[in-house]
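User: Please take a close look at one part of this model, a strand and its pairing partners, and then set that part in the context of the buried interior. A connected account would serve better than a list.

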Amino acid sequence: PPRSTLFPYTTLFRSIAQHRNALRSVETANANLTDESRLVVHSAPYGIGAYRYRMLRVYLQALWRAGKVKSLLITSALPSEGKTTAALNLAVGLAEHGGGTVVVVEADFRRPSIHRQLGLAPWPGFVHCLQNNIDPFSAVRRIDPLHIYLLPAGEVAAQPIELLSSQGFSTTMSRLKASADWVIIDSPPACPVPDVLSIRKNADGCLWVLRAGSTPRDVVDEALDQVGREFVLGMMLNQADGLNSPRTQHYGYGSPTSLSLWE
């Protein structure tokens, strides 16, 4: 074929290689994990909680291989339902045993908390980069010993909707998708604020976190209608009782964590 025919493909391959190299060159931060971090996939890898995250991983990997899902939005109807913990556990589960490059994006610009949950000293993050026109890849860190990458919010944004709707946010998400196998987006809850509607256009699908015995059904229905039920790939029931069945005891999973998943 003539050179003019090959050139676009050569440019594409070079672009992909450049994005991959961008993650390889980021700094490393060491997490100081405690029981309060609640990362069961890392701290209790043989427990029922970790097992259920791996069940979810199998389901998602099938969608990934089919080319349907690469970036996942993790949200909930209300605050304090465990979405950030779910996002981190899922990311660690996807990355373990060489499963792929996983980047967690903290898109909760109102109440950022991931650095505290991982025991990390804060650094200028996504908000600072967007506000000052700085390359957000400079704020990405490889988190050891979890083998995931993190782009934290860093600070509270005065105008989160404007930043989440900006071209800079969308461009960064596109670059991350080109750089990693998975992009996990930790979103604000859907009902109190409209932020999730600005974020969802940058995701391929959504996982919904509910808190057993706490989340009102009418609130969930309202939030699902707002985000779009067709966008939701599955739900994760947090703090559910009754998971310690004879079957799990027989297979040696011990006491379960309070997590249940279903498609």
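**Strand E4 and its surroundings**

Analyst: In this predicted model, Thr28 has Arg142 as its bridge partner in strand E4. That pair belongs to the contact between strand E1, residues 27–30, and E4, which run parallel and are joined by 4 bridges. E4 itself covers residues 141–144.

E4 also pairs with strand E5, residues 148–151, here in the antiparallel sense and over 3 bridges. Within this pairing, Ile143 is matched with Ile148 of E5. The two strands form a hairpin with 3 residues between them, and His147 in the turn takes a positive phi of about 60°.

The faces of E4 can be considered next. Arg141 and Ile143 make up its covered face, whereas Arg142 and Asp144 lie on the uncovered one. In a regular strand, side chains alternate between the two faces of the sheet. Arg142, the partner of Thr28, is thus placed on the uncovered face, while Ile143, the partner of Ile148, is on the covered face.

Ile143 leads from the strand into the interior. The largest nonpolar core has 79 residues, and Ile143 is among those that touch the most other members, together with Leu90, Phe109, Leu118, Ile184 and Trp208. Helix H4, residues 83–95, gives this core its largest share, 8 residues. Nonpolar side chains tend to be buried together in soluble globular proteins.

Trp208, listed with Ile143 in that group, opens a view of another region. Beyond its neighbours within four places in sequence, Trp208 is in contact with residues including Ala77, Ala190, Ala223, Leu224, Val227 and Met235. Ala223, Leu224 and Val227 are buried residues of helix H10, residues 217–227, as are Val219 and Val220. Seen down the helix axis, the buried residues of H10 fall within an arc of 130°, so they line one face of the helix. Arg217, Asp218 and Asp225 are exposed on the other side of H10. Just after the helix, Gly228 has a positive phi of about 110°.

The cover over the buried residues of H10 includes helix H9, strand E7 (205–211) and strand E8 (232–238). Ser198 lies in H9, which spans residues 195–199. Ser198 counts as buried because its relative accessibility is 11%, against a cut-off of under 20%. Apart from residues up to four places away in sequence, Ser198 touches Ile161, Leu164 and Ser165.

Methods
Residues numbered from 1 in each chain as written. Predicted model: local features only at pLDDT ≥ 70, side-chain atom pairs only at ≥ 80, totals over all residues. Heavy atoms only, no water. Buried < 20%, exposed > 50% of the residue type's maximum accessible area, 1.4 Å probe, protein only. Contact = heavy atoms within 4.5 Å. Arc of directions from axis to C-beta. Pairing = 2+ DSSP bridges. Core = buried A, V, L, I, M, F, W, Y, C linked by side-chain atoms within 4.5 Å.
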